[in-house]
Amino acid sequence: MPDVKVERILEDPELYIIRVDDDRIKYFEATWDIPEGITYNAYLMKLDGATVLFDLSKREYTELFMEALKKLVDPEEITHVVIHHTEPDHTGALPAFLEANGYRAKLIGTSFAKRFLEGFYGEKVVENFHAIKDGEEMRIGGKTFRFITVPWLHWPDTMITYVVEDKLIFSCDAGGGYGIPKTIDDSDEEVVREYLPHVTKYIVTVIGHYHKYIVQNIKKLKAMGIVDEAQMILPGHGLIWKKNPARIFEHYERVGAGVPTEGKILVLYDSMYGFVESRMEIVLDELKRLGKKPVVYRFTDKEAPAVSDILGEVPDSEAIIIGASTFEADVHPRVRYALLEILDKANYEKPVLIVGAFGWGGVAGKKIETLISRSKFDHVDTVESRGMPRPEDKERLREGVMKLLSWL
Ligand code: FEO
């Protein structure tokens, strides 16, 4: 069974994390390969005359979650439950919690959240629900709770809570990442360095479709001054940020905006019988000769990388090179799927070079061009030819790389 970490985070106010470390999951949202696992973080704050629960856990871990919660408090004593976001990785345990609580607690969330909870779990769970307005403040247990909507981080229902007196941001999905970090917080730099690529992968796969809202919402929080003054950012997944709270939102901003790492070129291709690969060897030689650092993902008869890992490489790449075989008058199926997900989840203004190989008719190049023409990516060139590359094809490939790099 997953490990459940229950730790005290603050003495005053009395604040705890209940972190379910899900090392059994394989495909988040039944789609994204995450061998690194994920955590579901809930928080409990005990105040004068009030006990507040921030988010819950996934339904399949209800029993584990409730056991951990009962170590901290009698569920009947919980007076408020803040629902930042209704996706069931944070609310699956809600019906069982409310049963144990005797439906005493007031639920707080957006009006979208109320509607979604009713749809997921029935009318009874929202009988005592307070729908907040953006920026609304409530006094609970002697503290000021400010609720700020951050739509599309990750759903339209999403909000964060700012505890004004203690400068705490409870941010649910925003600020979260995949992975099961060894520590609870960002105090160990090695843990943070290992964790941040999982954050990027999480952002792209989960929130990537809405990535412009990442930039917009963080801008909104920054304008309020709460990002710079925050003492702690407490997300619904992964590490708590207390050594350098602003760092996680800065990372989110960079990924949302697609800020490139100098020299990084993402190279993605299939090669069934080596024809595309022989072209890519020339492309990679040329990139290295020109001082670039290609990051390569290839589909062959021995390798099939996870599309979720490929997606995580897009935001900080300077450019992309896609190599594809023509396969049954279309793009090779694995490259086609990877490309469709890139266009949906990681749609950035970055230049693209297409490299193709075919047996009797070149179709893949044109099909990829058409797909890219409907996206933010810029099509720079297509170099596609039959069978093994001839000297003139090799020359065209080198020209294509030069042309791509001239866009940077
Ligand atoms: Fe972690 Fe969108 O739920």
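The following exercises, with worked solutions, concern a predicted model.

**Exercise 1.** Determine which residues the UniProt entry lists for "domain: Flavodoxin-like", and describe the secondary structure of that span.

*Solution.* Step one is to consult the record: the unreviewed UniProt entry lists residues 265-405 under this name. Step two is to examine the span in the model, where 43% is helix and 26% is strand. Step three concerns its ends: the end C-alpha atoms of residues 265-405 lie 10 Å apart.

**Exercise 2.** Locate E286, decide whether E286 is buried or exposed, and name its contacts beyond its sequence neighbours.

*Solution.* First, E286 belongs to helix α9, which covers residues 275-289. Next, the relative accessible area of E286 is 7%. A residue counts as buried under 20%; therefore E286 is classed as buried. Finally, once neighbours within four places in sequence are set aside, R398, V401 and M402 are in contact with E286.

**Exercise 3.** Explain why strand β11 is described as largely enclosed, and identify the strands that pair with β11.

*Solution.* Begin with burial: strand β11 spans residues 143-149, and 6 of its 7 residues are buried, so the rest of the structure largely encloses this strand. Turn then to strand β10 (residues 137-140), which pairs with β11 in the antiparallel sense over 4 bridges. Here R139 stands opposite T144 of β11. The two strands β10 and β11 form a hairpin with 2 residues between them, and G141 in the turn has a positive phi of about 55°. Last, strand β12 (residues 159-163) also pairs with β11 in the antiparallel sense, over 5 bridges. In that pairing, F147 has T161 of β12 as its bridge partner.

Methods
Residues are numbered from 1 along each chain as its sequence is written. This is a predicted model: local features need pLDDT of at least 70, side-chain atom pairs count only at pLDDT 80 or more; totals for chains, interfaces and linings use all residues. Side-chain values use heavy atoms; hydrogens and water are left out. UniProt positions are given in the numbering used here, feature names are shortened, and annotations may be inferred rather than shown by experiment. Buried means under 20% relative accessible area, exposed over 50%, partly exposed in between (1.4 Å probe, protein chains only). Contact means heavy atoms within 4.5 Å. Two strands pair if DSSP finds at least two bridges between them.
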